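Trainee: Got a minute to go through this one with me? I'd like to start with the loops.
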Amino acid sequence: MKEILVTGGAGYIGSHVVKMLAERGYHPIVFDSLENGFAEFVKGHELVVGDIGDYDLLVDVFRKRKIVCVMNFASYIAVGESMQLPLKYYTNNVAKTLNLFRAMIECEVKRFIFSSTAAVYGYPEKVPIQEDAMLFPINPYGRTKLMIEQVLRDLDAASGMKFIALRYFNAAGADPSGEIGESHTPETHLIPLVLRSILEDEYTITVFGTDYRTHDGTCIRDYIHVNDLADAHILALEALLAEKESAVYNLGNGRGFTVREVIDAVRRATGKKPKVKEGPRRPGDPDVLVASSEKAMKKLGWKPKMAELETIVETAWNWERQRRRKGW
Ligand code: UFG
């Protein structure tokens with residue numbers, strides 16, 4: 001069985017990828033500091049508790065095992081926090097990731113799948129956004145991801161490290177089993193917060209900005225189910241195992257929904273009324289982010305299976321209720 005090292009595999013997206021890797025006949029080895037991940041999400045797969053800044057531990061794992069590819073989900077993801085604490089982001093998302101590359105090169109592990117982001121585009125000039133659009137991130141988080149994409153190109157040229165960078169749009173939803181899902185502290189993402197406004201008496205969701213240049217004045221985003229993202233990782237892995245060239249792909253559904261439309265989808269999916277108030281814009285939010293994922297569809301054969309916003313929300317709702325029952 002082919003062994004895949006999944007750093008950050010105990011987190012939200014990583015744990016969904018780990019589950020799918022095992023289902024598709026791979027052997028995932030989770031490498032996670034558990035700072036933001038949960039051992040419970042690993043579900044009996046192999047877990048090495050460690051930090052990607054720990055060179056010796058990484059080399060030890062690479063030497064003892066036969067890892068054919070690394071998938072890296074071990075990064076900080078909160079845009080707002082990255083503006084307050086840029087060094088935290090540059091240290092983890094850049095410096096420690098370089099450390100991971102150093103260990104990989106030392107041990108001749110030469111395939112890498114990278115979690116990149118729509119944040120590398122900043123304020124896009126046109127939507128849907130294609131991969132060759134201008135890259136101009138407007139926050140440290142987006143800059144850390146762009147820097148690693150650039151490093152990967154250089155490593156490919158210098159040491160033959162083959163990579164696929166996947167630029168996620170808005171990851172959402174949960175595995176339909178309800179066993180794993182989104183859980184961030186603090187939570188900043190729209191769908192879990194709208195659900196919270198239903199489940200917690202004292203919580204009201206704030207709509208950040210109602211004067212955007214969109215049909216109802218609120219921001220438009222492209223929400224993509226986490227298992228569709230996971231599926232793209234398996235296809236990317238298969239492409240690298242088939243010795244395909246390094247590449248960058250957008251991953252989104254190609255359809256945008258406003259914040260108000262998401263709130264409405266939550267109302268329909270749950271049959272309950274979210275508590276909503278309006279507030280000012282959140283700094284750094286572009287009006288519209290919608291992906292063109294034509295390239296991933298054409299080159300990887302990727303096709304989202306849970307594209308309907310209501311389905312995405314239903315799986316998030318299912319998870320949110322189970323999570324609370326378990327006290328996570
Ligand atoms: N929003 C609200 N109220 C909230 C939370 C969010 O109105 O309480 C709005 C935001 O302003 C935005 C939309 O809901 O318009 C989605 O916001 P999220 O915070 O859920 O997601 P983002 O679009 O900000 O961020 C996501 C990923 C980031 C990635 C970014 C790329 O979570 O990691 O997309 O642009 F960088």
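Mentor: Sure. First, how elements are named: helices and strands are DSSP runs, at least four residues (H or I) for helices and at least two (E) for strands, numbered from the N terminus. And keep in mind that this is a predicted model.

Trainee: OK, so where is Leu34 found?

Mentor: Leu34 sits in the loop between β2 and β3. Its phi is near 65 degrees, a positive value in a residue other than glycine.

Trainee: Why does Leu34 count as partly exposed?

Mentor: Because its relative accessibility is 28%, and partly exposed covers the range between under 20% (buried) and over 50% (exposed).

Trainee: What about phi of Glu243?

Mentor: Also positive, near 65 degrees. Glu243 is in the loop between α7 and β11, and it is exposed, with a relative accessible area of 57%.

Trainee: Switching topic: which residues does a cis peptide bond join?

Mentor: Val127 and Pro128 are joined by one, with omega about -10 degrees. Another joins Thr185 and Pro186, with omega about -5 degrees. Pro128 is in the loop between β5 (111-117) and α5 (140-159), while Pro186 lies in the loop between β7 (170-172) and α6 (190-199).

Trainee: And how many residues are in the largest nonpolar core?

Mentor: It has 37 residues, and Ile4 and Leu21 have the most contacts inside it. Elements giving two or more residues include β1 (3-7), α1 (12-23) and α7 (226-241). The largest share, 10 residues, comes from α7.

Trainee: Last one: which residues form the positive surface patch?

Mentor: Lys43, Lys272, Arg321, Arg325 and Lys326. Lys43 is in the loop between β2 (27-32) and β3 (46-49).

Conventions:
Residues numbered from 1 in each chain as written. Predicted model: local features only at pLDDT ≥ 70, side-chain atom pairs only at ≥ 80, totals over all residues. Heavy atoms only, no water. Patch = residues over 30% accessible without salt bridge, like charges linked within 9 Å, V, L, I, M, F, W, Y side chains within 5 Å. Areas by Shrake-Rupley, 256 points an atom, 1.4 Å probe, with all protein chains shown as cover. Salt bridge = Lys/Arg side-chain N within 4 Å of Asp/Glu carboxyl O. Lys, Arg positive; Asp, Glu negative; His and termini not counted. Charge placed at Lys NZ, Arg CZ, Asp CG, Glu CD. Core = buried A, V, L, I, M, F, W, Y, C linked by side-chain atoms within 4.5 Å. Buried < 20%, exposed > 50% of the residue type's maximum accessible area, 1.4 Å probe, protein only.
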